[in-house]
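Q: I have a model open and would like to go through it with you. Could we start with a side chain and then work outwards?

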Amino acid sequence: MYFKVKLNRNVYLHGRDKRIIETYFTEAQHFADAGMKVIKGLGTDIEVEDICLMKAFKPAANEYYEDSKIFAVKVAEDIYQEDGSLKTIKYALPVFAQTSDEVHEIMKNYIAQGLENMRITTISETKWLWI
């Protein structure tokens with residue numbers, strides 16, 4: 001499961017301490033596990049404001065790699081029902097890439113795996129950090 005963890009912490013910028021707000025994205029078993037991942041990665045001098053289960057997110061289209069950004073890609077899948085009607089199922093998945101062109105290439109390969117009834121509806125670059 002994916003979790004989004006919003007926190008604030010002090011950092012030293014331009015010769016002085018500044019309080020910043022950051023959002024981290026992680027894969028974890030439960031809320032406490034997600035919080036512990038952030039604490040282990042950043043230390044205890046942080047204040048966790050919110051931990052949100054990203055239950056609408058499906059498994060990522062690719063693996064995280066260093067220096068990649070996190071894109072939230074929304075897709076729609078058209079499924080024909082037994083009565084002949086068309087049902088559209090929409091969901092989101094994370095994609096790790098450095099540019100939107102790379103996201104398009106990753107998603108082209110993802111859809112080519114037998115998911116031709118799927119289409120991309122939205123690609124959003126996030127400011128989330130992977131942890």
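Q: Is tryptophan 130 buried, partly exposed or exposed?
A: Bearing in mind that this is a predicted model, tryptophan 130 counts as partly exposed, because its relative accessibility is 26% and the partly exposed class lies between 20% and 50%.

Q: And which residue stands opposite tryptophan 130 across the strands?
A: Phenylalanine 25 stands opposite tryptophan 130, which belongs to β7. Strand β2, residues 16–27, runs parallel to β7, and two bridges join them.

Q: OK, what's the strand order in that sheet?
A: The sheet is open and has four strands in the order β3-β1-β2-β7, with mixed pairing. Because β3 (46–53) and β7 (129–130) each have a single partner strand, they stand at the edges, and one side of each is left without a neighbour in the sheet.

Q: How many bridges do β1 and β2 have, and in which sense do they pair?
A: They pair in the antiparallel sense, over 12 bridges, and one example is leucine 7, whose bridge partner in β2 is glutamate 22. The two strands form a hairpin with two residues between them, and histidine 14 in that turn has a positive phi of about 50 degrees.

Q: What lies across those strands?
A: Helix α1, residues 31–42, lies across β1 (2–13), β2 and β3, and runs at about 145 degrees to β3.

Q: Switching to rings, how many aromatic pairs are there?
A: The count comes to nine aromatic pairs. One of them joins tyrosine 64 and phenylalanine 96 edge-to-face, at 5.5 Å centre to centre with 90 degrees between the planes. Since tyrosine 64 lies in the loop between β3 and β4 (69–80) while phenylalanine 96 is in strand β5 (residues 86–97), the pair ties together parts that are 32 residues apart in sequence.

Q: Is phenylalanine 96 buried or exposed?
A: Phenylalanine 96 is buried, with a relative accessible area of 2%, whereas tyrosine 64 counts as partly exposed at 32% relative accessibility.

Q: And how does phenylalanine 96 pair with tryptophan 130?
A: That pair is also edge-to-face, with 5.2 Å centre to centre and 75 degrees between the planes. It links distant parts of the chain, as phenylalanine 96 in strand β5 and tryptophan 130 in strand β7 are 34 residues apart.

Q: Which residues do the ring pairs link into a cluster?
A: The cluster consists of Tyr2, Phe25, Phe57, Tyr64, Phe96, Trp128 and Trp130, linked by ring pairs.

Q: Last one: what sits over the ring of tyrosine 91?
A: The charged end of lysine 58 sits there, 5.9 Å from the centre of the tyrosine 91 ring.

Notes
Residues numbered from 1 in each chain as written. Predicted model: local features only at pLDDT ≥ 70, side-chain atom pairs only at ≥ 80, totals over all residues. Heavy atoms only, no water. Pairing = 2+ DSSP bridges. Contact = heavy atoms within 4.5 Å. Axes fitted to C-alpha atoms, helices over the stretch in contact; angles between N-to-C directions. Phe/Tyr/Trp six-rings, centres within 6.5 Å; stacked < 30°, edge-to-face > 60°. Buried < 20%, exposed > 50% of the residue type's maximum accessible area, 1.4 Å probe, protein only. Lys NZ or Arg CZ within 6 Å of the ring centre and 35° of its normal.
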